[in-house]
Amino acid sequence: VTPVIYDWNFTIEHQLRPDTLLRTSYVGTHGSHLREDVDLNPAVYIPGSTLGTDARRVYPGFSDILVNMNNANSNYNALQVDLEKRPSGTSTGILRNMTLLASYTYSKAMDNLPANGGGITDVGSSNGSGVPIYNLMQGEFNTGPSDFDHTHRFVASYVWALPRLLGASRLVRATLGGWNWTGIYSITSGNALTLLAGRDQSQTGLNGDRAQYIGPASQYGSATYGPGGCRPHETCVPWLNPSLFTLPAVGTFGNVGKDAFRGPSFWDVDMGLIKDFYPLATHENIYAEIRGEFFNIFNHPQFNDINDPSVTVTDAGFGGIRVAADPRIIQLAVKLFF
């Protein structure tokens, strides 16, 4: 079966002023017959049995029998708001020479693909789904937010041509006037996290069992964030409370939903200052550009993407974050144009 993607959108644009446009959109997509790698030969759990995994498989004498099936679906719905401002000679005020692009997205992406992509090379789920295809709960087990789902995302970028100070002295014009101030501000909701057992408790050989949540129902998915997951490490952020999770009982798959938890949100501010100095030689088009660029200018700790907390219960550092993204980085450059 060939995968099929449907998409639709509805957009309203409003001209707030001659140089400013507001755009509001609803965007939706739906995917059908998406690829899922399935193991047709999982092991069968037999209470009290001492047989090995291969001896308990559906088709004895064979190991994994992997097949590509196009039986998964996905959907995405989003509210997108964009504000666009361009420089305008007809506008007045200090912001007339600013270019601004700002975008906010409120969205939800869902699918019934196995967590972590569902491929046979995925970490923690070597054969796609952690529940055998013959089990009626497989669809529910795999249904949840998409691995790439981010509820909120805001990005604003600007280029602002600061006043040239033409009425000031030559020294002031040369040093303080005519700078371009640029920047990018972004904030994104945390990554979706699927908490894994890290051990084949179901004894199916699929190695995709989930953690077992044992805390109060009112805390599931929210107040589970808290102390723990760090000791005895000092350089660690305690994101998940490991005391609220354990391994599932033998023969079961765990009760934590797919991508039911979230990693830390991400926000970052980058800025730049740019100025041209010219001419540097008489009768020649030679000038210099001085540039200062500041990444993560506020030196905000960024625990995102690969720096999410450990999500495997059997990991000694389960629930803790021990790595951060880059701190503040400043780079200065001078370019000569001729």
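**Salt bridges in a predicted model**

Good morning. I begin with one pair of residues: Glu13 and Arg23 form a salt bridge through their side chains, with 2.9 Å from N to O. This contact links distant parts of the chain, since Glu13 sits in strand E1 (residues 4-17) and Arg23 in strand E2 (residues 20-39), ten residues apart. Please keep in mind that the model is predicted.

How does Arg23 stand with respect to the surface, buried or partly exposed? Its relative accessibility is 22%, so Arg23 counts as partly exposed; the buried class requires a value under 20%.

I turn now to a second pair. The side chains of Asp19 and Lys85 are joined by a salt bridge, at 3.4 Å from N to O. Asp19 belongs to the loop between E1 and E2, while Lys85 belongs to strand E3 (residues 66-85), so this bridge ties together parts that lie 66 residues apart in sequence. Asp19 is buried, its relative accessible area being 5%. Lys85 also counts as buried, because its relative accessibility is 10% and the class covers values under 20%.

The third pair is Arg86 and Glu84, whose side chains meet in a salt bridge of 3.0 Å, N to O. Arg86 has a relative accessible area of 40% and is therefore partly exposed. Glu84, at 22% relative accessibility, is likewise counted as partly exposed.

Which residues are linked in a network of salt bridges? They are Glu13, Arg23, Glu84 and Arg86. Finally, for the model as a whole, the count comes to twelve salt bridges. Thank you for your attention.

Technical notes
Residues are numbered from 1 along each chain as its sequence is written. This is a predicted model: local features need pLDDT of at least 70, side-chain atom pairs count only at pLDDT 80 or more; totals for chains, interfaces and linings use all residues. Side-chain values use heavy atoms; hydrogens and water are left out. A salt bridge is a side-chain nitrogen of Lys or Arg within 4 Å of a carboxyl oxygen of Asp or Glu. Helices (H or I, at least four residues) and strands (E, at least two) are DSSP runs, numbered from the N terminus. Buried means under 20% relative accessible area, exposed over 50%, partly exposed in between (1.4 Å probe, protein chains only).
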